[in-house]
Amino acid sequence: MFGAARWRLTLWFTIAIGLIIVVTGGAVFLSARAVLFDQVNSDLQSRAGREQALLAARLLGRHGGAPLADIAIGPAFTSGGYFYALVSPSGELLAGTANVDPAGLAGEGALQDALADGHAFADSESSEGDSLRVYVVRLQRPRGGELLMEVGRSTEPERQALRRLLLVLGGGVVGGLALALAGGYFLAGLALRPIRAAVDSQRAFIADASHERRTPLSVMISNVAV
């Protein structure tokens, strides 16, 4: 009886601790993810703001017949995997840095959002399967019309960091459940000890009372027999 009760208490204790660990770990993971990708978004916006002013000046000083492909866009050296691209409202690549992957540019939905709101973020995937984050900004042509500038980079470093964090949190959950199981079993034993002692005392009292009752009954039975 006490063995089954001890395991039931242990199970409930482990479930309660497990829920606390999972909720806490989930909150840590989601918070870390939000912070990492907020930093990516902020960085892309900052770079796009600097490049937008330079590109507007280049477009203004461009001769009417000069092809857009000849416009320099982005810094001379794009370290850190950043890429810059100038695209038409339909998504046609007009100019860009040497590392631009057309497959990783923003999709039609993000382009339409940028045309409507002035800017938009988009998640895309390179031709090699890497995850990319792209920031799209609307530009006005000096002689009328609109263009879109895209600034993006790979988010694989952030995703790898999140995967490592997930592994660490998963190991913490498993270790926490094991400790909760052992601790719950020990605490359940302590909690049931007074109850066990009370039941044992009750049993001893009943046994003594039965013995004391049987003795006079035996004497009376003997006297009646005589």
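A residue counts as buried under 20% relative accessible area, as exposed over 50%, and as partly exposed in between. Asp43, at 23% relative accessibility, is therefore partly exposed. This cut-off is applied throughout the predicted model described here.

The secondary structure of the chain consists of three helices and five strands. From start to end of the sequence, these elements follow the pattern α-β-β-α-β-β-β-α. The chain has 226 residues, and 30% of them count as buried. Its exposed area is about 13800 Å². Carbon and sulfur atoms supply 63% of that area. Contacts across the sequence were also examined. Among those between residues at least 6 apart, 53% join residues at least 24 apart.

The interior comes next. The largest nonpolar core contains 18 residues. Leu55, Ile73, Leu86 and Met149 have the most contacts inside this core. Several elements give two or more residues to the core: H1, strand E1 (83-87), strand E2 (93-96), strand E4 (131-140) and strand E5 (146-154). The largest share, five residues, comes from H1. The surroundings of Leu55 show how parts of the chain meet. With residues up to four places away in sequence left out, Leu55 touches Ile71, Ala72, Ile73, Leu86, Leu139 and Met149. Another core lies apart from the largest one and has 16 residues. Among them are Phe83, Ala85, Ala122 and Leu132.

Nonpolar side chains also appear on the surface. Leu11, Trp12, Ile15 and Leu19 form a nonpolar patch there. Together these four residues have about 470 Å² of accessible area. Leu19 lies in helix H1, which spans residues 2-60. Its relative accessible area is 55%, so Leu19 counts as exposed.

Aromatic rings were considered next. A pair of aromatic rings is described by the distance of the centres and the angle of the planes. The structure holds two such pairs. One is formed by Trp7 and Tyr185, with 4.8 Å from centre to centre and 45 degrees between the planes. This pair is tilted, because its angle is neither under 30 degrees nor over 60. Trp7 lies in helix H1 and Tyr185 in helix H3 (residues 156-225), so the pair ties together parts that are 178 residues apart in sequence. Trp7 has a relative accessibility of 49% and is partly exposed. Tyr185 is also partly exposed, at 32%.

Phe121 and Tyr135 form the other aromatic pair. Their ring centres are 4.7 Å apart, and 40 degrees separate the planes. This pair, too, is tilted. Phe121 belongs to strand E3 (residues 119-125) and Tyr135 to strand E4. The two residues are 14 apart, and the pair links distant parts of the chain. Phe121 has a relative accessible area of 28%, so this residue is partly exposed. Tyr135, at 8% relative accessibility, is buried, because that value is under 20%.

Charged side chains form four salt bridges. One of these joins Arg47 to Asp43, with the closest N and O atoms 3.5 Å apart. Both residues lie in helix H1. They are four residues apart, which is about one turn of the helix. Arg47 has a relative accessibility of 22%. Like Asp43 at 23%, Arg47 is partly exposed.

Strands E3 and E4 are linked by a salt bridge as well. Asp123 in strand E3 and Arg133 in strand E4 are 10 residues apart, and the pair links distant parts of the chain. Their side chains meet at 2.9 Å, N to O. The two partners fall into opposite classes of accessibility: Asp123 is exposed, with a relative accessible area of 52%, whereas Arg133 is buried, at 14%.

A further salt bridge is formed by Glu158 and Arg153. The closest N and O atoms of this pair are 2.7 Å apart. Glu158 has a relative accessible area of 11%, which is under 20%, so Glu158 is buried. Arg153 has a relative accessibility of 10% and is likewise buried.

Definitions and conventions
Residues are numbered from 1 along each chain as its sequence is written. This is a predicted model: local features need pLDDT of at least 70, side-chain atom pairs count only at pLDDT 80 or more; totals for chains, interfaces and linings use all residues. Side-chain values use heavy atoms; hydrogens and water are left out. Patches are made of residues with over 30% relative accessible area and no salt bridge: like charges are joined within 9 Å, nonpolar side chains (Val, Leu, Ile, Met, Phe, Trp, Tyr) within 5 Å. Accessible areas come from the Shrake-Rupley method with a 1.4 Å probe; for residues, only the protein chains shown count as cover. Buried means under 20% relative accessible area, exposed over 50%, partly exposed in between (1.4 Å probe, protein chains only). A nonpolar core is a set of buried Ala, Val, Leu, Ile, Met, Phe, Trp, Tyr and Cys residues joined through side-chain atoms within 4.5 Å. Contact means heavy atoms within 4.5 Å. Rings of Phe, Tyr and Trp (its six-membered ring) pair if their centres lie within 6.5 Å; planes under 30 degrees apart count as stacked, over 60 as edge-to-face and the rest as tilted.
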